[in-house]
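Visitor: I am new to this structure. Please show it to me, and then let me ask about it.

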Amino acid sequence: MKNPSVSSVLIRILMLLLLTTAVQCKRQKKLADELNPAFTEKIAAFTSGIISSESTIRVILAEDNPKAGDVNAPAPDGLFRFKPEIKGQAVWADKRTLEFRPEGKLKSGQEYEVRFNLGDVADVEKPLSVFKFGFSVVKQEFGLVINEYQTLNENDLVWNRIKGSINTSDVIDNEEIKEYFIARQNNRKLRFKWEAGEDRRSFSFTIDSVERTETPGKVIIEWDATNKYDHIKGSHETEIPSLADYKVLDVRVNHQPEQFI
C-alpha cells in the first residue's frame, strides 16, 4: 500500500502559500512605498499580510482618542471602505483601537484594499485624512495523509481500518469538513470517524470496516468542496492486499526522539 508520510497535496499547499506570500509581500512593499511617513505619528499598527477568513480588520491609533466610545461601541459609519466590499460593523475595541468585524467569513484567497477615513476620528491635515492599506485572505487548501493501516483484530485479517489526517491552510469547522469527504471500497460506502484538533486546521479520521479478500482491492477516498472552494477536489487510493499476500505496505524513517525505520 502506498502510504506517503507527506502527501503531494501538502507540498502544493506549501508552494501556494509561499507564492501567495511572495505576491503579498510585493504588494505590501508597494503600499509601504506609497505610505506618507506622517501617518506613523497617527497610526501605530494596522492589519496587513495574509490573514484568516475569520479575522477582524484593525487600525490601532498612536494615542488614546478623545472621540473613542466605550468598548464595543459603534464607530462612525463609513469609517472603513473595502474593495471588494465587506459587510460588517466597525467598533471601538479600546480607546485607540478601531476594529471592523465582518458579518461572515472573508473570501478564501481574496485580496482586499482598504480606505480608512482617519479624518473621521482624528484632527489631521487633508493629505492624512484617508489611510490606505491592504491585506489578503489565506487560500483554503486540504492536505491528506494516510498514517496507518491495521487489522481490527490481530486474529482476524479480514476486517481492517485506515487511519489518516487532514490538514487545512485556514480554519474550518469539523461539521463542514465532514461533508466534503467520502470513502468507498468497490461499491460499498465506508464510514468515517472524525476527531477535530483544537486549532480547527487539523483533523484525524478512522475508516472502519475495510474488507480484505482473496483478491487485491483498494479504498478510494474522495473530497469535493467546489460548492464553496472552486479549486478543492481530489482523490486518494489506498491499496488493500489480498489475504494470500505477504508484503511490505509502507516504509517510513523516524528521526525524533530516536532514529528507527
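Visitor: How many bridges join β5 to strand β6?
Guide: This is a predicted model, where local features need pLDDT of at least 70, side-chain atom pairs count only at pLDDT 80 or more, and totals for chains, interfaces and linings use all residues. Residues are numbered from 1 along each chain as its sequence is written, and side-chain values use heavy atoms, leaving out hydrogens and water. Strands are DSSP runs of E, at least two residues, numbered from the N terminus. β6 covers residues 97-102, runs antiparallel to β5, and the bridges joining them number five.

Visitor: Which residue in β6 does W92 stand opposite?
Guide: β5 spans 88-92. Across from W92, in β6, stands L98.

Visitor: What is the order of the strands in the open sheet?
Guide: Two strands pair if DSSP finds at least two bridges between them. The edge strands, β1 (43-46) and β5, each pair on one side only. The sheet has four strands with antiparallel pairing, in the order β1-β3-β6-β5.

Visitor: Which strand gives the largest share of the largest nonpolar core?
Guide: Such a core joins buried (under 20% relative accessible area, 1.4 Å probe, protein chains only) Ala, Val, Leu, Ile, Met, Phe, Trp, Tyr and Cys residues through side-chain atoms within 4.5 Å. This one has 28 residues, with F80, L98, F116 and F135 making the most contacts inside it. Strands supplying at least two residues each include β3 (57-61) and β7 (111-116). The largest share, four residues, comes from β8.

Definitions and conventions
Buried < 20%, exposed > 50% of the residue type's maximum accessible area, 1.4 Å probe, protein only.
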